[in-house]
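Here are some short exercises to work through with the model open beside you. Try each task before you read its solution.

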Amino acid sequence: MQKFTIADASLEPSPGQEADIRVGNLVDERHGGPITIGYGRYAPGQSLTETMAVDDVMIVLEGRLSVSTEAGTVSAGPGEIVYMPKGETVTIRSHEEGALTAYVTYPHWRPAHA
């Protein structure tokens with residue numbers, strides 16, 4: 001069993017993105033489990049578009065994000081969860097206050113992007 005806080009995460013630029021988005025895995029393929037768990041920080045007014053290589057659950061802890069697909073757009077704030085299934089193309093936009101998120105992916109996202 002392990003407990004984590006944002007202070008435990010070493011936030012690095014999100015791989016392959018030009019936007020000011022940082023991620024920090026706390027559990028991933030290096031730890032032997034089947035999922036990746038971490039935190040993400042989106043600076044204000046940032047946007048990224050990608051086709052999901054893994055199933056991704058994003059929990060908004062602070063701020064606000066909008067997630068758009070061909071099916072429409074949802075906006076999420078603190079305490080709300082967005083599920084993005086593998087294969088879906090999404091655009092994630094942070095609002096003027098930016099956002100702090102926690103995420104869980106299955107399987108691990110880092111090898112899926114390699």
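**Exercise 1.** Find which residue of strand 7 stands opposite Ile59.

*Solution.* Start with the pairing: strand 5 (residues 55-69) and strand 7 run antiparallel and are joined by four bridges. Strands here are DSSP runs of E with at least two residues, helices are runs of H or I with at least four, both numbered from the N terminus, and two strands pair if DSSP finds at least two bridges between them. Now look across from Ile59: the residue opposite is Ile81. Finally, check the faces of strand 7 (residues 81-84): Ile81 and Tyr83 lie on the uncovered face, Val82 and Met84 on the covered one.

A note before going on: this is a predicted model, in which local features need pLDDT of at least 70 and side-chain atom pairs pLDDT 80 or more, while totals for chains, interfaces and linings use all residues. Numbering runs from 1 along each chain as its sequence is written, and side-chain values use heavy atoms, without hydrogens and water.

**Exercise 2.** Find which side chains meet in a salt bridge (a Lys or Arg side-chain nitrogen within 4 Å of an Asp or Glu carboxyl oxygen), and say whether each residue is buried or exposed.

*Solution.* Searching the whole structure gives one salt bridge. Its partners are Arg30 and Asp28, at 2.3 Å from N to O. Next, compare accessibility (buried under 20% relative accessible area, exposed over 50%, partly exposed in between; 1.4 Å probe, protein chains only): Arg30 is exposed at 58%, whereas Asp28 is buried at 0%.
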